[in-house]
Amino acid sequence: MKIGVFDSGIGGLTVLKSLISKYKANYIYFGDTLNIPYGEKSKEELLKLTEKIIRFFEKEKVDLIIVACGTVSSNIYDELSKKTNIKMINIVYNIIDLIKKDNPSNIAVIATKKTIDSHIFKNNINNIIEISCPKIVPYIEKNIGNINDILKEYLSFIKEKHINNIVLGCTHYPLIKEDIQKYLDYEVKFYDMGKILLENIKESNLKIEMYFSYLDENLIKNINNIIKEDKSIDKLIL
């Protein structure tokens with residue numbers, strides 16, 4: 001089975017890593033690192049960029065597309081899914097279903113500005129606190145800023161209220177989960193969108209092809225730190 005997975009950058013690799021650990025398949029990953037961050041773009045820009053990715057996956061004849069981006073999933077998933085006959089998976093819907101099942105008493109979601117502005121979590125989950133964190137993705141992708149200062153800016157309210165259920169509403173955020181836990185300094189349950197379960201994947205031989213619209217040595221190093229398995233990594237501008 002051939003599965004397409006995409007995100008604005010390396011965040012979606014947390015989803016890919018989870019998939020690889022559970023299912024052997026032919027994975028094709030596309031990270032649009034040239035146009036990161038997606039969380040600051042309009043819906044029109046997002047649709048234009050992601051439609052190119054869908055056409056790439058169609059050309060590669062994938063059987064399933066996993067939208068490993070919280071911003072895309074929460075803002076343009078319905079419009080995007082109508083532009084292809086390939087089945088698509090929305091990771092935000094998956095995590096919302098899990099939260100509803102658990103029904104935690106106090107919960108907050110941290111995500112990109114675009115995801116928070118969509119209120120997809122607030123509209124589906126009672127009494128959830130939404131916090132926009134636009135500086136986290138640039139820190140993870142390009143090491144911009146100081147992580148301790150960034151977490152203090154965004155998570156001080158969560159820490160003050162001792163909120164112990166946190167939705168990582170962007171696939172980049174699991175990459176700094178240990179930093180978040182250290183800052184909060186109390187036990188937290190994380191809802192990680194990367195840890196999705198799919199029942200309709202048919203296993204085959206494991207093969208991993210990775211494409212990024214921008215590549216440099218630091219990015220390749222980060223990729224290798226997340227995905228340990230054998231893989232091909234190439235630059236591709238759509």
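**Internal cavities, nonpolar cores and aromatic contacts**

The second largest cavity encloses about 40 Å³ of space (a cavity being a set of points, on a 1 Å grid over the protein atoms alone, where a 1.4 Å probe fits but cannot get out; its volume is the space filled by probe spheres set on the points, which are joined across faces, edges and corners). The model is predicted, so that local features require pLDDT of at least 70 and side-chain atom pairs pLDDT 80 or more, while totals for chains, interfaces and linings use all residues. Residues are numbered from 1 along each chain as its sequence is written, and side-chain values use heavy atoms, leaving out hydrogens and water.

The lining of the second largest cavity (residues with an atom within 4 Å of a point) consists of Pro-37, Gly-39, Glu-40, Thr-112, Lys-113, Cys-133, Pro-134, Val-137, Pro-138 and Tyr-173. By class, 6 of these residues are nonpolar, 2 polar and 2 charged (nonpolar: Ala, Val, Leu, Ile, Met, Phe, Trp, Tyr, Cys and Pro; charged: Asp, Glu, Lys and Arg; polar: the others, Gly among them). Pro-37 also takes part in a cis peptide bond with Ile-36, for which omega is about 0°. Pro-37 is located in the loop between E2 and helix H2 (43-59) (helices, H or I of at least four residues, and strands, E of at least two, are DSSP runs numbered from the N terminus).

The whole structure contains 2 cavities of 30 Å³ or more. The largest has a volume of about 60 Å³ and a lining of 14 residues, with Ser-8, Cys-69, Thr-71, Thr-112 and Cys-170 nearest its centre. This lining comprises 5 nonpolar, 8 polar and 1 charged residue. Thr-112 thus appears in the linings of both cavities.

The largest nonpolar core (buried Ala, Val, Leu, Ile, Met, Phe, Trp, Tyr and Cys residues joined through side-chain atoms within 4.5 Å) has 68 residues, among which Leu-16, Ile-66, Ile-110, Phe-121 and Ile-158 touch the most other members. Helix H8 (residues 147-161) supplies the largest share of this core, 6 residues. Beyond its neighbours within four places in sequence, Ile-110 is in contact (heavy atoms within 4.5 Å) with Ile-131, Cys-133, Leu-155, Ile-158, Ile-166, Val-167, Leu-168, Gly-169, Cys-170, Tyr-173 and Ile-180. A second core, separate from the first, has 21 residues, including Leu-49, Ile-65, Ile-76 and Tyr-77. In soluble globular proteins, nonpolar side chains tend to be buried together.

Aromatic pairs (rings of Phe, Tyr and Trp, the last by its six-membered ring, with centres within 6.5 Å; stacked for planes under 30 degrees apart, edge-to-face over 60 and tilted for the rest) number 6 in the structure. The ring centres of Tyr-29 and Phe-212 are 5.7 Å apart and the planes stand at 45°, so this pair is tilted. Because Tyr-29 belongs to strand E2 (residues 26-31) and Phe-212 to strand E9 (residues 207-212), the pair ties together parts that are 183 residues apart in sequence. Tyr-29 is buried at a relative accessible area of 0%, and Phe-212 is likewise buried at 0% (buried means under 20% relative accessible area, exposed over 50% and partly exposed in between, with a 1.4 Å probe and protein chains only).

Tyr-77 and Tyr-93 form an edge-to-face pair, with 5.7 Å from centre to centre and 75° between the planes. This pair links helix H4 (residues 77-81), which holds Tyr-77, to helix H5 (residues 91-102), which holds Tyr-93, across 16 residues. Tyr-77 is buried at 12% relative accessibility, whereas Tyr-93 is partly exposed at 34%. One aromatic cluster is formed by Phe-6, Phe-30, Phe-56, Phe-57 and Tyr-211.

Most residues other than glycine have a negative phi, and most peptide bonds are trans. Asn-127 has a positive phi, near 55°, and is situated in the loop between helix H6 (113-118) and strand E6 (128-132). Its relative accessible area of 70% makes Asn-127 exposed. Asp-185 also has a positive phi, near 60°, in the loop between helix H9 (177-184) and strand E8 (189-192); Asp-185 is exposed at 64% relative accessibility. Asp-192, by contrast, lies in strand E8 and is buried at 10% relative accessibility. Residues up to four places away in sequence aside, Asp-192 touches Ile-95, Pro-174 and Lys-177.

Terms used. 1 Å grid on protein atoms, 1.4 Å probe; cavity = no way out; pocket = protein on both sides within 12 Å on 5 of 7 lines; lining within 4 Å.
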